[in-house]
There are 4 protein chains.
Amino acid sequence: MTDAADAPGAESLAERVRDGDLALHELDDHADADTATAARRLVVDRETGTSLGTVGNYGFPAERAESNIENMIGTVQIPIGVAGPVEVNGGAASGEAYLPLATTEGALLASINRGCSVLSQAGGANARVLKSGMTRAPVFRVTDVIEAEALVSWVRDNVDRLTEAAESTTSHGELDDVTPYVVGNSVYIRFRYDTKDAMGMNMATIATEAACDVVESETGAELVALSGNLCTDKKPAAINAVEGRGRTVTADVTIPREVVVDRLHTTPDDVAELNTRKNLVGSAKAGGLGFNAHVANVVAAMFLATGQDEAQVVEGANAITTAEERDGDLYLSVSLASLEVGTVGGGTKLPTQAEALDILGIRGGGDPAGSNADALAEYTAVGALAGELSLLSALSSRHLSSAHAELGR
Amino acid sequence: MTDAADAPGAESLAERVRDGDLALHELDDHADADTATAARRLVVDRETGTSLGTVGNYGFPAERAESNIENMIGTVQIPIGVAGPVEVNGGAASGEAYLPLATTEGALLASINRGCSVLSQAGGANARVLKSGMTRAPVFRVTDVIEAEALVSWVRDNVDRLTEAAESTTSHGELDDVTPYVVGNSVYIRFRYDTKDAMGMNMATIATEAACDVVESETGAELVALSGNLCTDKKPAAINAVEGRGRTVTADVTIPREVVVDRLHTTPDDVAELNTRKNLVGSAKAGGLGFNAHVANVVAAMFLATGQDEAQVVEGANAITTAEERDGDLYLSVSLASLEVGTVGGGTKLPTQAEALDILGIRGGGDPAGSNADALAEYTAVGALAGELSLLSALSSRHLSSAHAELGR
Amino acid sequence: MTDAADAPGAESLAERVRDGDLALHELDDHADADTATAARRLVVDRETGTSLGTVGNYGFPAERAESNIENMIGTVQIPIGVAGPVEVNGGAASGEAYLPLATTEGALLASINRGCSVLSQAGGANARVLKSGMTRAPVFRVTDVIEAEALVSWVRDNVDRLTEAAESTTSHGELDDVTPYVVGNSVYIRFRYDTKDAMGMNMATIATEAACDVVESETGAELVALSGNLCTDKKPAAINAVEGRGRTVTADVTIPREVVVDRLHTTPDDVAELNTRKNLVGSAKAGGLGFNAHVANVVAAMFLATGQDEAQVVEGANAITTAEERDGDLYLSVSLASLEVGTVGGGTKLPTQAEALDILGIRGGGDPAGSNADALAEYTAVGALAGELSLLSALSSRHLSSAHAELGR
Amino acid sequence: MTDAADAPGAESLAERVRDGDLALHELDDHADADTATAARRLVVDRETGTSLGTVGNYGFPAERAESNIENMIGTVQIPIGVAGPVEVNGGAASGEAYLPLATTEGALLASINRGCSVLSQAGGANARVLKSGMTRAPVFRVTDVIEAEALVSWVRDNVDRLTEAAESTTSHGELDDVTPYVVGNSVYIRFRYDTKDAMGMNMATIATEAACDVVESETGAELVALSGNLCTDKKPAAINAVEGRGRTVTADVTIPREVVVDRLHTTPDDVAELNTRKNLVGSAKAGGLGFNAHVANVVAAMFLATGQDEAQVVEGANAITTAEERDGDLYLSVSLASLEVGTVGGGTKLPTQAEALDILGIRGGGDPAGSNADALAEYTAVGALAGELSLLSALSSRHLSSAHAELGR
């Protein structure tokens, strides 16, 4: 909010850091958040010969970000725009919506916007959340497979106790499933929760920790790590692509042939063929888990805009796009297996991000609980559908006009 | 930079949009960038009942973002902090550095910061870019496998011509490799470029388009799509994890046992075992391409801070972490197969992002060309190493103190 | 059993085929199985200039193979040997066993035999089937995601009816799970069965077909294919590696250090390190689903010997080998996620294969039902463990003696 | 060839084994191969209460299998039949051929046979080997990434020396490529060879061992294992599916619509749709590396018949099937990325297997060298194409007639 000159005391604090009297992360104990932030900028400016003027020119009190970052020096500002309005026929989302998208990739927003326009002209896009659940999978060490088998049996027999322990830590979350996996003397137990409008990683972690205490106290198993990577968080993994994580959501649309021809300068057949050769066969040959054109672009842009966890764009890319000619028209769908979103907690409380959620009308907890996060998943899927439609069409129509190809992305 | 009241003319432009006289994306033709941005906010505010005050309170002229976004309504502000300083012994990066990280995930920066501190105490982290190249793989349709074989032969015989065509479009880029792949009557040709300090996706696309023209004019093959997904951009794909894309970079360190014990409250053996059960065996069981704890967190945070393409966090997660006890000490490494970074172009020119690059001393083109992007890859790898070290240690030391576990993330 | 000269009538039948009067596959309608087989050899001999003397010299009446092959011309003879005895401490298998193995790869059996000897010296190997179930996943077409959601709901609400229909087709099989997956307007429903001592693919297919009839008659969904590849049969697929198919089975052992040193000429530490670099990190880098050294060798050899479906070696390779030093000793395990075996039906009834099952004492149905197939899975896992132990040791001890390395494989 | 009664001396040898005087594997030192084999049967018979009569009734001198197995007790006999004739338009294979197939899965051969018939009616199938090379990838340990970088540079600079060393071990093989991969302090070097008509795993291993000696003597790197799993042999791995191993081969065909309708009782459109939903989208959702229906069935059956390594069916399943309607007709292709075949060495020398190669006219070394193995790859691909065609059609036509569906498999 301020540059250093506006933060009295920042200079003297910076001096103490340079003197080795204070560490950067201790500054918050000696000043308000904005002053500490300013002092850090001064330190970094001096040591690196930088001038962090724009970074320091942020638009809200630094204390608003206290639970989101440490060692803050300001904000990075990423352009945000809107695509739409787009007509959405969702399970939780419905009606016309502007999609907030933050990106630094030129032409991306224009491309999605074009897609949204065509979706609306076709009567809007359908969207449905088909599965939902946040997972955490600790890994335990046992002596051997005999003990592993016993632990698996114990887990299956004691789901109630694990549920009680897990749910005692949360007022909203519910434990929906507990599945053990064995590899040698490692036993992974995958807990899946309904975390309502929260993305839920923290809730799931805390609840699972409580369940782990029960496992350890009641069996001979020893907890090695609260996350054993079968969760799987922020890594590409088939378990997410197959079984889902966060929201499993599909959006689709049927676009009349004449709209495809007039607006997108291609044909349903050409889009379908291109989708098959590129998104299906090409990704198959690449050994991929993402059978789409650029779903991650939309996921990343909506995540940035609405305060989601950017590292979870990884799982957001686990998407399959299908296209087919049906009765002369174009049927297009995109299915995101593992879209981890929330409308409460994390970055959603930050000022600009909260405003972006307001654009969609889904800031905070939904009614019923979970419906706002469902809606965010559906809006994201529709945005992804618009992006796929636009890029596939642009690639397909390339011979007619390279200008459109450029517009496509 | 302004709220609507400060942008004379915004209100009347908004009115014209509401009247259907103008589309949102046409506003730039009728006003300067800030006014158009303000007008869009007014439209969205009214239609969605939002108040985009903070989004509109950005810190630079909107026209600076003209090549980065369309339909701009302002910026999203994401907290940025610094971790470090950390001692880096890289091929292109060296000396002490502060790592700029933008995130909304509380405790992440503190965790990386702790890791950086331990790395420095251990004498610093090594880092090396081991392979480099940006790829684009168009897909062509041929009649049958006989024609596919002929095309493959033609490509192998005409690398010079393809190179000439591709390189005619760029003053910096060089075509390093051309590899064809055949699936039935689809032929994918993967072009790999040295794009120097640019991330290079655009450069590669434009150059490949020129090469495709040669293919089409000289053979019977017909271009179906300029990208056939064997590139692979923004989708999880083994081809990237195996062969690399962008920079293939490793960072590693050997940490004396006493440092592990004193600072991290665990032992080299425990970290090694945990790494094996979680990052190797756990990810193996999950069907994963990411054998690490949370590399994507660091990649995402440094990408946001420095203006990289956030959707490419997907490929950044293709990383393998190894840990072993060696002569009593802890050897830890992280190898990122496909880290796509640049210090010129894209979001790197935006004011706050450029400042973050300044912190690292690598804004703009390097000398020699490519060295700044190499350095960014190495810094990111070192940050990832710090993050792995900190989280693995926190998980490992959990029994001693859950407080440390919380600090870890 | 015979050469052509011994089969009166074979020559005249062959003549009729050469004259175009009969097709090869029609010969069974005009002669007994051995004569038809002989006639086919004559046709092939003549047309290809071959002399199929050894192929025709088979050791049982051709009619015994009637349900196993069409257009039979004889048998291929593959050498079979035994490894062991090996001490097995299994859930269904126990005591000393000779493992029957058919292979053409020299040194393989010797290697497994060496491993078996060491396993026994260490007190035997543990083995447990941890999960069991044969799957079939048809794919249905619906109109759009709205109908997909409705179908998913219908499936969840009608598991009883699906179970009734499926189980009406089988006297032994039980339907244990029904899980739907949606991709656009394709809905895959994965049915999982307990097929007792049968490998169960046919049983599962027939039962699923009956369930599909219910789906089609009660909903608007249209069956596209009885197998939609989420089964997944005979293709490498993460869904099998993660969720299992057939038997999910682990074998493990702890080998005293002195046995490792004396018998295998290596150390627990060296084996553990080698396993990590090769089977875990190497396979990770390869983008693999098989984190082992050569489990498929043992699976293939035991499958051949005991009449299993050789194409399912594919899924048998979804195995993870772990090795660690524990208190100075070597802990080694192998976990096969998807081992599809049976002791009734298919090739198990053929004379030589039935004899191989006799060697293990598990020909035909077990008591309780399923226990023989469980035992076969456990024996196979122990064989795989022996094979891993031997090869890893041979690779590890290479510097000491390349002779041992050669023996290892 | 004999039962025990025919092998004088077998009984007394068996007695010595039972007395602990001899081990099973030592019998070959005390008798001819057939007698030793008979003695082992006696031992196993007695200890397990089995009667290995059919196993012992094999059709060739046991010494013929000396280099293929140890501890031999006889042979397993697997029914073999022929499909075809099928018209093949290959690069190395051409003309009409009967495909030898050994299987125990009823209806499989009939299905392939039906497919062959349709392929011939359509004018035959095209087939081409598009890439060829057998790989072996040892793993070395270095100190850190700095040394790893140095080793990578050394390898790139010393390909000539590595080639010289590798090729000194073989009269036929040629080293075509050397590619290093780095993960932390592990360096994998993938050697790719042209092994002509041999499958080549042994040749590649021996040659690579020689090259490793050079690496170790000239650099500080230490060999950990001669195979580091980036080869990748007998494990499902994307590196094979993407880059190929053994032969990369495609077969395809265009079938006139009327043939599809009349013979297969379906339509090109229906087959194309089914292929997309099942083989492409279904396998995508399954996290698969095999985008086909049952290619492994054909690969396994031809491997068994012709003496290939059955465990390599794993890599043979890395295949993509495509189907599309083109100008009213059906275009169908199957592309096998990593088909490891040979016509010399291994099991190809065994009597029945050699006869099966004779049926194809490709026993032993080809002229030019490598052409026989190329032809075997092409025949296998055509068989796979026939199998895909038949099964996809059967699934597709199911509504018309379940009888056809049954015939399909």
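# Helix packing, cavities and backbone geometry

Modeller: In this predicted model, α5(D) passes α6(D) in a right-handed crossing.

Colleague: At what angle do helix α5 and helix α6 of chain D pack, and why is α5(D) described as it is relative to α6(D)?

Modeller: Helix α5 (residues 159-167) and helix α6 (residues 201-218) of chain D pack at about 135°, and 7 Å separates their axes. Roughly antiparallel requires an angle over 145 degrees, and roughly perpendicular covers 65 to 115. The angle of about 135° falls in neither range, so α5(D) is called oblique to α6(D).

Colleague: Which residues of α5(D) and α6(D) meet, and how do they divide by class?

Modeller: R161(D), L162(D), A165(D) and A166(D) are the residues from α5(D). From α6(D), they meet A207(D), A210(D), A211(D), V214(D), V215(D) and E218(D). By class, this contact has eight nonpolar, no polar and two charged residues. Arg and Glu count as charged, so R161(D) and E218(D) supply the charged part.

Colleague: How does the packing of α4(D) with α5(D) compare with the definition, and what makes its description apt?

Modeller: Helix α4 (residues 145-157) of chain D packs with α5(D) at about 70°, with the axes 5 Å apart. Since 65 to 115 degrees counts as roughly perpendicular, α4(D) is roughly perpendicular to α5(D). W154(D), V155(D), R156(D) and D157(D) of α4(D) make the contact with V159(D), R161(D) and L162(D) of α5(D). Their classes are four nonpolar, no polar and three charged. R161(D) and L162(D) also take part in the contact of α5(D) with α6(D).

Colleague: What orientation does α3(B) have to α13(B), and why?

Modeller: Helix α3 (residues 108-121) and helix α13 (residues 371-396) of chain B pack at about 100°, with axes 7 Å apart. That value lies between 65 and 115 degrees, which makes α3(B) roughly perpendicular to α13(B). Among the residues that meet are I112(B), C116(B) and L119(B) in α3(B), and L385(B), L389(B) and A394(B) in α13(B). The whole contact holds ten nonpolar, six polar and one charged residue. Arg is in the charged class, so the charged residue is R114(B).

Colleague: How many cavities does the structure hold, and what lines the largest one?

Modeller: There are 15 cavities of 30 Å³ or more, and the largest contains about 150 Å³ of space. Of its 16 lining residues, G287(B), L289(B), G287(C), L289(C) and G287(D) are the closest to its centre. The lining divides into eight nonpolar, eight polar and no charged residues. Gly counts as polar and Leu as nonpolar.

Colleague: Which peptide bonds are cis, and where do they occur?

Modeller: One of them joins G84(C) to P85(C), with omega near 5°; P85(C) is in strand β1 (residues 72-90) of chain C. Another runs from C231(D) to T232(D), with omega near -15°. T232(D) is in the loop between β7 (222-225) and α7 (238-243) of chain D.

Colleague: What makes the phi of K196(B) worth noting?

Modeller: The phi of K196(B) is positive, at about 55°, although K196(B) is not a glycine. Most residues other than glycine have a negative phi. K196(B) belongs to the loop between β6 (186-194) and α6 (201-218) of chain B.

Key: Residues numbered from 1 in each chain as written. Chains lettered and ligands numbered in written order. Predicted model: local features only at pLDDT ≥ 70, side-chain atom pairs only at ≥ 80, totals over all residues. Heavy atoms only, no water. Axes fitted to C-alpha atoms, helices over the stretch in contact; angles between N-to-C directions. Helix = DSSP H or I, 4+ residues; strand = E, 2+ residues; numbered from the N terminus. Parallel < 35°, antiparallel > 145°, perpendicular 65-115°, else oblique. Left-handed = near helix turned anticlockwise from the far one by under 90°. Contact = heavy atoms within 4.5 Å. 1 Å grid on protein atoms, 1.4 Å probe; cavity = no way out; pocket = protein on both sides within 12 Å on 5 of 7 lines; lining within 4 Å. Points joined across faces, edges and corners; volume = space filled by probe spheres on them.
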